[in-house]
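Please read this report alongside the sequence and the model. It deals with domains, pockets, cavities and one loop residue.

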Amino acid sequence: MTATVPSTGAEPDTVDINRYDPDHRRWLADAIAKVRADMRRSSDTHLLRVPVPSVPGVDLYLKDESTHPTGSLKHRLARSLFLHALCSGWIRPDRPVIEASSGSTAVSEAYFARLVGVPFIAVMARGTSREKVRLIEFHGGRCHFVDNADQVYEVAARLARETGGHYMDQFTFAERATDWRGNNNIAESIFDQLAEEPHPDPAWIVATAGTGGTSATIARYIRYTGRATGLCVADPDNSAFFPGWRDDDPDLTTEVCSRIEGIGRQRVEPSFVGTAIDRMIHVPDAAAIAAIQVLEQLIGRKAGASTGTGLWAAFHIMSEMAAAGREGSVVGLLCDPGDRYIDKYYSAEWLDEQGIDITPFRARLDTFLESGSL
């Protein structure tokens, strides 16, 4: 059907639909200024050098994202998602922002929602750690629980329709909301902090994937700046990312959800840019949990099992480099603190319930710390 407009003269009338709202534009400018001010206060994090004397020619670093105001790597993502959505005109005063999340992104988005003055609802599985739920509510958010993790997308979209709010959809927009060319993204920060180190261009950077946004940002920045650094993604049990990447099958799904909160998905998410990834390593959950025990031994701090997943892969690469007589550096991510998971990854009862035995992997790590061989 062709639409027509009435005309009283020889020429058609000018059709002018003006949706410019000066009050909303002032609100929007104020909201963006608040988010940008947060970026100035907290955009950078420490790069920790982790001592591994058994591999003297290979230096290990962890980018400590747990020092962000909301305590995780997802603070960067939430900030980028809010700026992207605000500038796109998707977030409106007094209308909720709704997100499908396994926890940490929701904590950070609750923080930014309160910062700009809009309600926030997190849609998540009932099994999400109690500490993450507490933090979401601490930052003014509300939790909406579903029985199965694969229900979060549909329920979040439905709540957005029913409330007139905005479904942030991190799993679609993570890879496009961040400026991968620079603007102090995580990749630019890593290379800037390595500039005075013995091996300023690492052999490998190891990331993990929840949305895929971080790995896409790092991989694109490496290529954009002409570096030879490889990008490896470590993936846990029950995740679709590794088999989907291995088999070049973006439609692959898994029946069981990941036990490592924050990473691993039952489907290959739209933000997972597999063509930009150089290497993937499947890491058993027991190996990831053994790795965070070793990390506490090395630096005196607890971390979440997503950190352990990447750390096991980093140790694997370091062992490989040592065996080949190669020197260089490897960079991983300290994604969030372990105090969010005391009732899970640091609980012997939870490990028993899940049938997870870390003993053989802990033995392998002890051998690695003594010999450099994993």
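The sections below take the domains first, then the spaces, then the loop residue.

## Domains and their interface

The model is predicted. The domain assignment divides the protein into domain 1 (44-72 + 183-371) and domain 2 (73-174). Their C-alpha centres are 25 Å apart.

Contacts across the boundary involve 33 residues of domain 1 and 27 residues of domain 2. The size of an interface is often given as the accessible area lost when the parts come together. For domain 1 and domain 2 the buried area is about 2,400 Å², and carbon and sulfur atoms give 49% of that area.

## The largest pocket

The volume of the largest pocket is about 470 Å³. Its lining consists of 26 residues, and those nearest the centre are Ala125, Ala149, Cys257, Ser258 and Glu261. Sorted by class, the lining holds nine nonpolar, 10 polar and seven charged residues.

At least two lining residues come from each of strand E4 (120-125), helix H5 (152-163) and helix H12 (348-354). The largest pocket lies between domain 1 and domain 2, because both give residues to its lining.

## The second largest pocket

The second largest pocket has about 360 Å³ of volume. Arg76, Ser80, Thr178, Asp179 and Asn185 lie nearest its centre, among 22 lining residues. The lining comprises seven nonpolar, 11 polar and four charged residues.

Helix H2 (74-87), helix H6 (170-177) and helix H8 (213-224) each contribute at least two residues to the lining of the second largest pocket. H2 gives the largest share, six residues. Domain 1 and domain 2 both give residues to the lining of the second largest pocket, so this pocket lies between them.

## Cavities

Two cavities of 30 Å³ or more are found in the structure. The largest cavity encloses about 150 Å³ of space. It is lined by 19 residues, with Leu73, Lys74, Gly262, Ile263 and Cys335 nearest the centre. Domain 1 and domain 2 each supply at least three residues of the lining of the largest cavity. By class, that lining has five nonpolar, 10 polar and four charged residues.

The second largest cavity has a volume of about 70 Å³. It is lined by 14 residues, of which Ser102, Thr105, Gln170, Phe171 and Gly262 are the closest to its centre. Two nonpolar, 10 polar and two charged residues make up the lining of the second largest cavity. Helix H3 (104-116) and H6 each provide at least two residues of this lining. Domain 1 and domain 2 each give at least three residues to the lining of the second largest cavity. Gly262 is thus listed among the residues nearest the centre of the largest cavity and among those closest to the centre of the second largest cavity.

## Thr254

Thr254 is in the loop that runs between helix H9 (241-246) and strand E9 (279-282). A polar atom of the Thr254 side chain lies 3.2 Å from the backbone oxygen of Asn238.

Leaving aside residues up to four places away in sequence, Thr254 touches Asn238, Ser239, Ala240, Arg265 and Gln266. Asn238 therefore appears both in this set of contacts and as the residue whose backbone oxygen lies 3.2 Å from the Thr254 side chain polar atom.

How values were computed: Residues are numbered from 1 along each chain as its sequence is written. This is a predicted model: local features need pLDDT of at least 70, side-chain atom pairs count only at pLDDT 80 or more; totals for chains, interfaces and linings use all residues. Side-chain values use heavy atoms; hydrogens and water are left out. Helices (H or I, at least four residues) and strands (E, at least two) are DSSP runs, numbered from the N terminus. A polar contact is a pair of N or O atoms within 3.5 Å; within protein, one must be able to donate a hydrogen and the other to accept it, and residues adjacent in sequence count only if both atoms are side-chain atoms. Contact means heavy atoms within 4.5 Å. On a 1 Å grid over the protein atoms alone, a cavity is a set of points where a 1.4 Å probe fits but cannot get out, and a pocket is an open set with protein on both sides within 12 Å along at least five of seven lines; lining residues have an atom within 4 Å of a point. Grid points are joined across faces, edges and corners, and a volume is the space filled by probe spheres set on the points. Ala, Val, Leu, Ile, Met, Phe, Trp, Tyr, Cys and Pro count as nonpolar, Asp, Glu, Lys and Arg as charged, and the others, Gly among them, as polar. Domain bounds come from an automatic or database domain assignment. Buried area is the accessible area (1.4 Å probe) that two parts lose on being put together, summed over both.
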